[in-house]
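Reader: Hi! Could you walk me through this structure, a bit at a time?
Author: Happy to. Here it is.

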Amino acid sequence: MDTLPLFHNLRGARCVVVGAGEVAARKLDLLLRADAAVEVIAPQSCAAISQLAEAGRITLLARAYQRDDLSGASLVIAATDDPAVNKQVSEHARAQFTPVNVVDSPDLCTVIFPSIVDRSPVQIAIGTNGTAPVLARMLRTQLEALLPGGLGNLAELAGRLRKKVKVNIPGESERKAFWEKVFQGPIAELMYSGRSQTAEDSFNTLLTASANTKLKGEVYLVGGGPGDPDLLTLRALRLMQQADIVLYDRLISDAVLDRVRRDSERIYVGKKAGEHPVTQANINEKLVEFARAGKRVLRLKGGDPFIFGRGGEEIEHLSAHGITFQVVPGVTAASGCASYAGIPLTHRDYAQSVIFQTGHRKGDTVDLDWDILAKPNQTLVFYMALNGLKYICDKLQKHGLSAEMPAALVENGTRPEQRVLTGDLQTLPAIIEQYDIKAPTLLIVGEVVTLRNTLSWFGEEGSNG
Ligand code: SAH
């Protein structure tokens, strides 16, 4: 983050605006909406500013700027058409640690005005750190269209009844669930359509009904996909936003984790060589324990929970303990990596089937049914195959696949750092040795790999072709 967005309480605070043209007038309007005590300093002023001064809404000093004009100011804005004066104002303000904004000169600013969506008391501020104001305005337009006009009324109602809710529903999780019902259900709709009394009555009815109910916990077993957060399902995203607590794996990318509700508790349960692994039994116990405590538990797994994800074992355990759960599929690594590498897994000219296979090595071998795997007209996708890669390539050749059968290793599929290394069963093991390969990686074997020559589309640096 280049800057930290904060909301500034300026009620009654002295704000100095140097300059009194049209641009100054626009900023001034925002300051007045925040109830600031505005003082404008400029030898000449535009009509709008003169009128505000006449109406007694601002103080206008019709003279040139002087250094001591800034003393006691909470915020300073320089909006003159003289760059030298703007620069001076900026220097003076910074010397006394007063936040300063200089119009159209990001380098001279310590604070920047965002694009604002105002549904007071709900406010959304959008900033691009001065890089793309037009983009900020476009986003603002989109948000304006998305957010109901009555959102502010709803927040105002919530603010007024907040204490009452706290007294009536002392449990934190229960209270969160109550507020979610208020903000997502018919009470919100009533407020949006201006029926505030009916809304408040419904609110009180719901409050009485919720006061003595103990929340039942639940587990959401969610597939987080291979890494690109845009590949999350809508349902995954919704549940990620609702969870009180999240248990996540090593395969969950930072970008996906970032979409989980900010104030949820996060527990890493991944396994990494050299560290104490959290056992599967441990994870199963934790899920039950948290759900029994009334929490909405997000079990977030890479890819799809039912494909080499041990999701089945986890929900078996939950089912045996009477815990409610739901399962959300995710884009599995085979689909994600193949799409982002430009390798259509079952292009009909080359493959009539695809096999998802674990390539996990046990000791020195990978124990698989090689005769079934080493057949023509099919695509093989090996998960967890990095350590056993040479062994797998050798075995496939021994059981009848040609040494020239194309093969690709996809590293960090769908993520910005994705790399794809291609070769064939004979050359691929040596090729990957020249690269510093890191998990996660996926091995794809089959004629379809050659299609990548024309179909690759995702930005990749560091791939071999
Ligand atoms: N449930 C997961 C798979 C878990 S097994 C899924 O459906 O995708 C872990 C293996 O998945 C890794 O060893 C790797 O082979 C593969 N994998 C997962 N994410 C990947 C990614 N972004 N890029 C490449 N391989 C990935």
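**Talking through the model**

Author: Let's begin with I323, which sits in the loop between α12 (311-320) and β12 (324-328). Helices here are DSSP runs of H or I with at least four residues, strands are runs of E with at least two, and both are numbered from the N terminus. This is a predicted model, in which local features need pLDDT of at least 70 and side-chain atom pairs count only at pLDDT 80 or more, while totals for chains, interfaces and linings use all residues. Residues are numbered from 1 along each chain as its sequence is written, and side-chain values use heavy atoms, leaving out hydrogens and water.

Reader: Thanks! Is I323 buried or exposed?
Author: I323 is buried, because its relative accessible area is 11%. Buried means under 20% relative accessible area, exposed means over 50%, and partly exposed is in between, with a 1.4 Å probe and protein chains only.

Reader: And what is I323 in contact with?
Author: Setting aside neighbours within four places in sequence, I323 is in contact with V219, V288, A291, R292 and L318. Contact means heavy atoms within 4.5 Å. For A291, the C-alpha to C-alpha distance from I323 is 7.0 Å, and the two are 32 residues apart in sequence.

Reader: Let's switch to Q426. Where is Q426 found?
Author: Q426 is in the loop between β16 (419-424) and α16. Q426 counts as exposed, because its relative accessibility is 52%. Apart from residues up to four places away in sequence, Q426 touches Q397, A403 and E404.

Reader: How many Å apart in space are Q426 and I355?
Author: They are 21 Å apart, C-alpha to C-alpha, with their positions 71 residues apart in sequence.

Reader: Now the backbone. Which residues does a cis peptide bond join?
Author: One cis peptide bond joins S120 and P121, with omega at about 5°. P121 lies in the loop between β6 (115-119) and β7 (122-126). Another cis peptide bond joins A439 and P440, where omega is about 0°. P440 has its place in the loop between α16 (428-433) and β17.

Reader: What about T441, which strand does it lie in?
Author: T441 lies in strand β17, residues 441-445. T441 is buried, because its relative accessible area is 12%. Not counting residues up to four places away in sequence, T441 touches M384, L386, L409, V410 and E411.

Reader: Back to β6 for a second. What is S115 in contact with?
Author: S115 is found in strand β6. Leaving out neighbours within four places in sequence, S115 is in contact with I124, A125, I126, A136, R137 and R140. S115 counts as buried, because its relative accessibility is 14%.

Reader: Any odd phi angles? What is phi for D104?
Author: D104 has a positive phi of about 60° although it is not a glycine. D104 sits in the loop between β5 (100-102) and β6, and D104 is exposed, with a relative accessible area of 77%. N129 also has a positive phi, of about 55°, and is not a glycine. N129 is in the loop between β7 and α4 (133-146), and N129 is partly exposed, at 31% relative accessible area.

Reader: Nice. And how do β1 and β2 run?
Author: Strand β1 (residues 14-18) and β2 run parallel, joined by 5 bridges. Two strands pair if DSSP finds at least two bridges between them. V16 has E39 as its bridge partner in β2. Strand β2 (residues 37-41) is mostly covered, with 4 of its 5 residues buried.

Reader: Zooming out, how many helices and strands are in the chain?
Author: The chain has 17 helices and 17 strands. The chain is more spread out than a compact globule, because its radius of gyration is 30 Å, well over the 23 Å that the globule rule gives for 465 residues. That radius is taken over C-alpha atoms, and the globule rule is 2.2 Å times the number of residues to the power 0.38. Along the principal axes, the C-alpha atoms fill a box of roughly 95 × 60 × 40 Å.

Reader: What percentage of the residues is buried?
Author: Buried residues make up 45% of the 465 residues in the chain. Among contacts between residues at least 6 apart in sequence, 64% join residues at least 24 apart.
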